[in-house]
Amino acid sequence: MKIREVVDALERFAPLPLQEDYDNAGLQLGLTDTQEVSGALLCLDVTEAVVDEAVALGCNLIVSHHPLIFRPLKHLTDENQVQRTVRKAIVNNVALISMHTNLDNAVGGVNWKMAEKMGARPLTKGEELQEEVSLQESGEASNVKSPLLSGGVGGGLPLFAQLSEPMAAADFIQMLKRTFGVECVMANQLLQRPIRKVALCGGAGSFCLGEAIRSGADAFVTGEMGYHEYFGHEQEIQIAVIGHYQSEQFTCELLKEILERDCPELKCHVTKLNTNPIHYF
C-alpha cells in the first residue's frame, strides 16, 4: 500500500483541522502517492535511535504523536537532534507522519485512551449537557460550558470521564501511579471528598484546568503544569500531574488499533525505546 493510504486512514480518525493553530501535524516527510510502505513503526517521539530502529525492522514509515518538525527548519546540518534525525530519515528513505493535537482533540483519541486505562467511562455530550443544566438550575455553578459540545468529530479538551466507583484522593493517586507506571505524582492538597468525575488532558494540559473546575470535575489529570498554577485550588479540585511522556505513552497503542483496523495489511511495530528525556532519581 502507498503512504497516502496510511495518511488517509489516520486523518479519517483525527482530521487535520482538529489540530491547534500552533501545531504541525500530518505528513512531515515522504512521497505520499508514489512511496510504498514496507512497515510502520509507531512512537511518541522521533529520535535518531527511533529511525535506526525503523530501518532495522525494515520499516520505511514512522508514525509519531509528537511532530519531529515542529518549528521551521532554516537549514539541515548536524547542529541539533532534530536536524540530525531529519537527515537520517531522508538518507534512509523513511517517511514521517505525526498525529499530534488533532489526535488529542479527536473523539476516541489520546485522552479517551487515558480514560480506558483508568477504567473510567468518557461522558457523552448529552451527559455533559444534562449535568451543565443541573448545575445551573441548582445554582452550584455559573457560566458552565462543556468543551465536549465544541462540535464536529472533535471531542474537545479536556475529556470528562466518570470512574466506576468513587475513590478517596489517596487511592486515586495510587491508581494513577499503577496505571501509568509513574514514579511520583505531583499533586496539590489531597481532596477531602470522593473523586468520581475526572477531567483528562494528556501532555501539557494546564490550560484546561479552569474548564475542569467550571465543569464540576473532582480531579484533573494532565502531564505537566507550572508551579504557580497549583495555587488557590485546595479542596476545589484534585490536581494530579503524572508526567508528559507518561500521560501519552499509550498513544502508540491507539495508533496501532487505528491502523490494524483500517489498514490490516500494514505491518505495524510499536517502538521498544523509551524516549522520555526526563529521569527521576
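This short talk walks through one predicted model, from the whole chain to a sheet and then to some salt bridges.

Let me start with the whole chain. It has 10 helices and 11 strands. There are 281 residues in the protein chain, and 50% of them are buried. The accessible surface comes to about 13,200 Å². Carbon and sulfur atoms hold 53% of that surface.

Now contacts. Take those in the chain with a separation of 6 or more. Of these, 69% are between residues 24 or more positions apart.

Next, the sheet. Please find β1 on your screen. Five strands form an open sheet here. What is their order? It is β1-β4-β3-β2-β11. The pairing is mixed. Which strands stand at the edges? They are β1, residues 26-29, and β11, residues 268-270. Each has a single partner strand, so one side of each is left without a neighbour in the sheet. The strands are also turned against each other. For neighbours in this sheet the average is 25°, with direction ignored.

A general reminder on pairing. Strands of a sheet pair through backbone hydrogen bonds, either parallel or antiparallel.

Stay at the β1 edge. Its partner β4 covers residues 95-98. The two strands pair in the antiparallel sense, over three bridges. For L29, the bridge partner in β4 is L96.

Now the helices on this sheet. Helix α1, residues 3-13, packs on it. Which strands does α1 touch? It touches β1, β3 and β4, with β3 at residues 61-64. The direction of α1 makes about 10° with that of β4. Then there is helix α2, residues 48-57. Helix α2 lies across β2, β3 and β11. Strand β2 is residues 40-43, and α2 runs at about 150° to it.

On to charges. In general, side chains of opposite charge can pair when their charged atoms come close. How many salt bridges does the structure hold? There are 14. I will show you some of them.

Begin with E48 and R84. They form a salt bridge, and the closest N and O atoms are 3.2 Å apart. E48 lies in helix α2, the helix we just met, and R84 lies in helix α3, residues 81-91. The pair is 36 residues apart in sequence, so it ties together separate parts of the chain. Are these residues buried or exposed? Neither, quite. E48 has 24% relative accessibility, so it counts as partly exposed. R84 is at 28%, and it counts as partly exposed too.

Now turn to E253. E253 forms a salt bridge with K113, with the closest N and O atoms 3.3 Å apart. This pair links distant parts of the chain. E253 is in helix α10, residues 251-262, and K113 is in helix α5, residues 110-118. They are 140 residues apart.

How covered are the two? E253 is partly exposed, at 28% relative accessibility. K113 has a relative accessible area of 3%; that is under 20%, so it counts as buried.

E253 has another partner, K117. Here the closest N and O atoms are 3.0 Å apart. Again helix α10 meets helix α5, with E253 and K117 136 residues apart. K117 is partly exposed, at 28% relative accessibility.

Which residues do shared partners join into one network? They are K113, E116, K117, E253 and E257. That ends the tour.

Key
Residues are numbered from 1 along each chain as its sequence is written. This is a predicted model: local features need pLDDT of at least 70, side-chain atom pairs count only at pLDDT 80 or more; totals for chains, interfaces and linings use all residues. Side-chain values use heavy atoms; hydrogens and water are left out. Two strands pair if DSSP finds at least two bridges between them. Helices (H or I, at least four residues) and strands (E, at least two) are DSSP runs, numbered from the N terminus. Axes are lines fitted to C-alpha atoms, for helices over the stretch in contact, and angles run from 0 to 180 degrees between N-to-C directions. Contact means heavy atoms within 4.5 Å. Buried means under 20% relative accessible area, exposed over 50%, partly exposed in between (1.4 Å probe, protein chains only). Accessible areas come from the Shrake-Rupley method with a 1.4 Å probe; for residues, only the protein chains shown count as cover. A salt bridge is a side-chain nitrogen of Lys or Arg within 4 Å of a carboxyl oxygen of Asp or Glu.
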